[in-house]
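Please read these notes with the structure open beside them. They go from the surface to the interior and end with the confidence of the model.

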Amino acid sequence: SPGTSASSPSGASGQQTVAGVTITTDAKLRALLPQAILSANEVRVACDIPYPPWEMFTVPGSNELTGIDYLLGQALGAKLGVPFVFQQTVFDSIIPALQAGKADIVMSAMYDNVAREKVLTFVDYAKDGTALLVLKGNPQHITDLASLAGKTVSAESGTTQLLLAQKLQAQFKAEGKAPLTILQYPKDSDAQLAVK
């Protein structure tokens, strides 16, 4: 279900309905929040929008958000009695934004991996994977990673998928296979548009 707005409860008590579920604020949980969050009365969330189904606009051109991360954030905000305010952040700028204090948390379908664990603490709340997106009918007959030799792939900057493509590129070169060309884009939607 689409979210109703970018705001959550503004007070320390009450109820809010998120995606059809009524959530009551828990004062004990709210009291555990850091003073900086309580003083600001918001949790600033760095998020790469759009990245469906995780975070996206309800309709193109709208500022109204929906998606797994957004609705989960609204539910957490309702439970804690503090709004979760989603800030549109280019994916490869998310970790620097958090490190610079421009955001309090990340909710953006970010894979938990060893490199990121060196600078972040993860709370894993979903299992996800990677898939190849091809044109309808698969006219280039791409069946697996090996069949990408000699092809051009697009990926969003800073993503696990970009790292995978770069490793594959080096592997093809070492094996003497046709080279893999990688096009990097700042948004996932740009990478998808390049495929179309």
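1. Helices (H or I, at least four residues) and strands (E, at least two) are DSSP runs, numbered from the N terminus. In those terms, L132 sits in the loop between α5 (114–117) and β8 (152–156). The model is predicted: local features need pLDDT of at least 70, side-chain atom pairs count only at pLDDT 80 or more, and totals for chains, interfaces and linings use all residues. Residues are numbered from 1 along each chain as its sequence is written, and side-chain values use heavy atoms, with hydrogens and water left out.

2. Is L132 buried (under 20% relative accessible area, 1.4 Å probe, protein chains only), exposed (over 50%) or partly exposed (in between)? L132 counts as partly exposed because its relative accessibility is 46%.

3. The largest nonpolar core (buried Ala, Val, Leu, Ile, Met, Phe, Trp, Tyr and Cys residues joined through side-chain atoms within 4.5 Å) has 17 residues, of which V43, V45, F84 and F86 touch the most other members. Two or more residues each come from β3 (43–47), α3 (68–80) and β6 (84–88). With 4 residues, α3 gives the most.

4. Another core, of 10 residues, lies apart from that one and includes V153, A155, L168 and L180.

5. The protein chain has an average pLDDT (the predictor's confidence in each residue, from 0 to 100) of 90, and 93% of the residues score at least 70. Over residues 1–11, pLDDT stays under 50. Where pLDDT is low, the predicted coordinates should not be read in detail.

Key. Contact = heavy atoms within 4.5 Å.
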